[in-house]
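This report describes salt bridges, enclosed spaces and one sheet in a protein model. Please keep the structure in view while reading.

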Amino acid sequence: MRSKLYTIMVWAVVMIGSLNAESGTISGVITGENGDPIVGVNVWLKGTTIGSSTRTDGSYRINGVPDGTYELIAAHIGNQSVELPVTVSGNSVAVDISMMKGSISGEEVVVSAALRPQKLVDAPGTISVVYTEELHRGTGFSFANSVQNVKGVNVYRNGIDGVGISARGFMTAYNYRFQLMTDGMNSMLTGNGFSGTHMNLASKEDLERVEIVVGPSSALYGPNAHNGMMNVITLHPRDSQGGTIVIGGGQNEILNLRGRYAGVSGPFSYKINAESLTGKDWDDNRKYWFDDDGNGAEDAGEFTIEGNEYPIKHLRGSGNLFYELNNDLELTGGYNYYKFSSRNMTNIGHNIIKDWKMNRWNIGATHPRYFARLYGMKNESDIYYQEDIRALFETALGFSNEDAINATNLVDKSTSVAGEVQGNMRIEKINLIGGVSWERQTPISERTVLLDRGIDPISGLLVGEDITVNQVGFYGQVERELPNDFHLTTAFRFDTHSNYESQLSPRFGLVWKGLQNGNIRATWNRAFQAPSIAQQYLYIAIPGSRYQAGNGLGFTLADGSTIDPLEPEINETFEFGYKGTPSPNLYVDGSYYISKYTNFISGFIPVGNAVKMGDTDLDASLPLLTYLNFGGVTLQGFDVELKYSLNNSVKLFGNFSFVDASDFDKQKENSIGTDEEDFYKGFFFNTAERKWHIGIEGRDILTNGLAVSVKARHVDEYDFVSGKWSATKAGEGTIPSFASGNPYYADNGPLGGFTLVDLNAAYTVSETVSLVLNIDNLFDTEAFQMVGSPSTSRLAILEVKYSF
């Protein structure tokens, strides 16, 4: 019965895309003030998914346009957008456009808010865009550093390549709540579900823009997008022909080498990317001590110094081929390869990773009325172990470093396959979008990380079964133009999951466009997070130490009590906001939100000793850390952003975010003296109440071709507790009792409480050569941004770029 339902839904999606009345074509050439063609201009019909972009000669062509009268919109960064009326009646219409310089914020084109191109100011939600130029200003190894100034987004940096992203609270040291995508494809870590921004397969030179949607987005993007999502969008070769070579270096022994080439040959277009990033992380010098003889002294052989094990290395390569079958249909295919070595944060320590490999393949077809894609991912770990467990084997058991690594090495050979089909159509003033997406994950750890088939580390026996998790989601969206300048968006998504009951994620958005220079919006979303693979199946058993386990099966504790398996977490959010340009040079974007969470999923917390995980016997002598649901909590807050253009050369910008977690704090206070007190003691909001960002950017400063920007970012001080890590005001300078005096887990005090200043300077030497200088934390201010991590110091990198 279920398979029959799937077939019907897929058929309906294809029919939506194929339905079309009499249609015509709109084409033309877009030029700038000087008459030269402009490449990469987004051109679309307002309120529809129908559009195109200009090629190297400035030409564009929009096929399959149903008869009717439309507003044709052309938008491009650095130029003012253009809107023109156009009528199609089964014919070909020629519309040439000339664009003026000087764009206004809010006119940027986004696709992630409503699955179609639209102006940022018209999007029914809180969305921000970071473009290529800004993405290239970030230091470190992850483009995610460039989004740390986006309103409503919380960025946690734990090294030159380690970056965590969350929104609106409840971050953990190993985060699952923020959906990561690349060109609309799931980029969460396969077989795990971790939001690893530094593990993205896209090369820095191939980035067109990053779109960040803050707030629940499950109605369009599935179960992981219940706090927000980030979509990394890469360049199309027809819009970015030619090549670039970048060489850069700086502090921390950083060496960056990047190259990209894109070309066109008749109906074929292609792009090739390669990237090598190496460096040395900030020294952590974290001491691990095991008092083997019990005398309370740090004797020789009883401690190690951690934090500088491996240099940081990232190697990326990709190739993509595009074929225009006709004016409407383009076929695509690509392959990405990524290998990295790093020191990653977790809830209970650090993972040391050397030569981890990731592969992704993808094929697809794109048409004005539909698209389809299929893609797969594969992990292949090499050296991969928990730093503190390896140190325990050295200090407590007398293993050599090499033997300890071999004894504690973990395995990840996980794979996944996913696909999506989507169609769209317009009936008078109604836009319809429908789609189905499917993902099959096969996590493989050989029982070193997950409760799958392998040699059990406690019993030494070959036990367990292979794990397979399937998720299927059907989604639809209806947009309707209403009287009196109102615009209604209704969306839903129905998800099925191998291990959980089906979930419905509705979304309603109402935008009033009656203001001359702005829009007012109100949205309501219901989203959910299905527990990730790790939250369900994690099973790390350390003889003589502890269990670290997911809670997809439930537990029986040593005292006979039970812990229920995790249920999906639900987030219902109402948001009210304004976007617009109240004066010609001022852009304002503000929003207020209130979110209610139910079945909230905690971070790793100790729950005592267990005798069973589902039907699997456990060693009752070992303490257990796992995840739990708890009742509910309500949050509220607001984000506001201002951008002001002094002239075509100088811009000012800033934003402020506030989140109120007083309801959570009240529940925590009320738990004192109750059965829930121990649970709440280890559970923290883990987000600053206030953060702000201001900056100034100038082009052609002092001389033509010189661009300079200065930004300041402030984060309030706040406590952060996640698993075995604590960073609190009350516990500063102490060692948690469970650590038995081991300074590895010392509480170094709260996070935040800093104001950092960043400087960027870019100079165009000639048409082919440019220089970029990035300096993060210009004044070398002490800044602890994540538990268990060193302070992020000044980091300066100079890059030379050659274009041909």
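## Salt bridges

The structure holds 30 salt bridges, a salt bridge being a side-chain nitrogen of Lys or Arg within 4 Å of a carboxyl oxygen of Asp or Glu. Side chains of opposite charge can pair when their charged atoms come close. This is a predicted model, in which local features need pLDDT of at least 70 and side-chain atom pairs count only at pLDDT 80 or more, while totals for chains, interfaces and linings use all residues. Residues are numbered from 1 along each chain as its sequence is written, and side-chain values use heavy atoms, with hydrogens and water left out.

Three of the pairs are listed below.

| Salt bridge | N to O distance | Separation along the chain |
|---|---|---|
| Lysine 271 and aspartate 206 | 2.9 Å | 65 residues |
| Arginine 546 and aspartate 388 | 2.9 Å | 158 residues |
| Aspartate 716 and arginine 690 | 3.9 Å | 26 residues |

The elements named here are DSSP runs numbered from the N terminus: helices (H or I) have at least four residues and strands (E) at least two. The salt bridge between lysine 271 and aspartate 206 links distant parts of the chain, with lysine 271 in strand β20 (residues 268-279) and aspartate 206 in the loop between β15 (185-186) and β16 (207-214). Both lysine 271 and aspartate 206 are buried, where buried means under 20% relative accessible area, exposed over 50%, and partly exposed in between (1.4 Å probe, protein chains only).

Arginine 546 forms its salt bridge with aspartate 388, and this pair joins strand β37 (residues 546-549), which holds arginine 546, to helix α4 (residues 387-397), which holds aspartate 388. Arginine 546 is buried at a relative accessible area of 5%, and aspartate 388 is buried at 2%.

In the salt bridge between aspartate 716 and arginine 690, aspartate 716 lies in the loop between β48 (706-715) and β49 (720-722), and arginine 690 lies in strand β47 (residues 690-699). Arginine 690 is partly exposed, at 35% relative accessibility.

Salt bridges also link Lys151, Arg521, Glu575, Asp589 and Glu641 in a network.

## Cavities

Rolling a probe the size of a water molecule over the atoms shows where empty space is left. On a 1 Å grid over the protein atoms alone, a cavity is a set of points where a 1.4 Å probe fits but cannot get out, and lining residues have an atom within 4 Å of a point. Searching the whole structure gives 17 cavities of 30 Å³ or more.

What is the volume of the largest cavity? The volume is about 260 Å³. The largest cavity is lined by 24 residues, of which Tyr174, Asn192, Val449, Leu538 and Ile540 are the closest to its centre.

The second largest cavity has a volume of about 200 Å³. Among its 21 lining residues, Asn224, Glu439, Gln441, Gln471 and Ile533 are the closest to its centre. Two or more lining residues come from each of β26 (370-380), β29 (430-442), β32 (469-482) and α6 (533-537).

## An open sheet

Four strands form an open sheet in the order β3-β2-β5-β6, with antiparallel pairing; two strands pair if DSSP finds at least two bridges between them. Because β3 (51-53) and β6 (79-88) stand at the edges with a single partner strand each, one side of each is left without a neighbour in the sheet. Strand β2 (residues 42-45) pairs with β3 in the antiparallel sense over three bridges. Valine 43 has serine 52 in β3 as its bridge partner.

Notes:
1 Å grid on protein atoms, 1.4 Å probe; cavity = no way out; pocket = protein on both sides within 12 Å on 5 of 7 lines; lining within 4 Å. Points joined across faces, edges and corners; volume = space filled by probe spheres on them.
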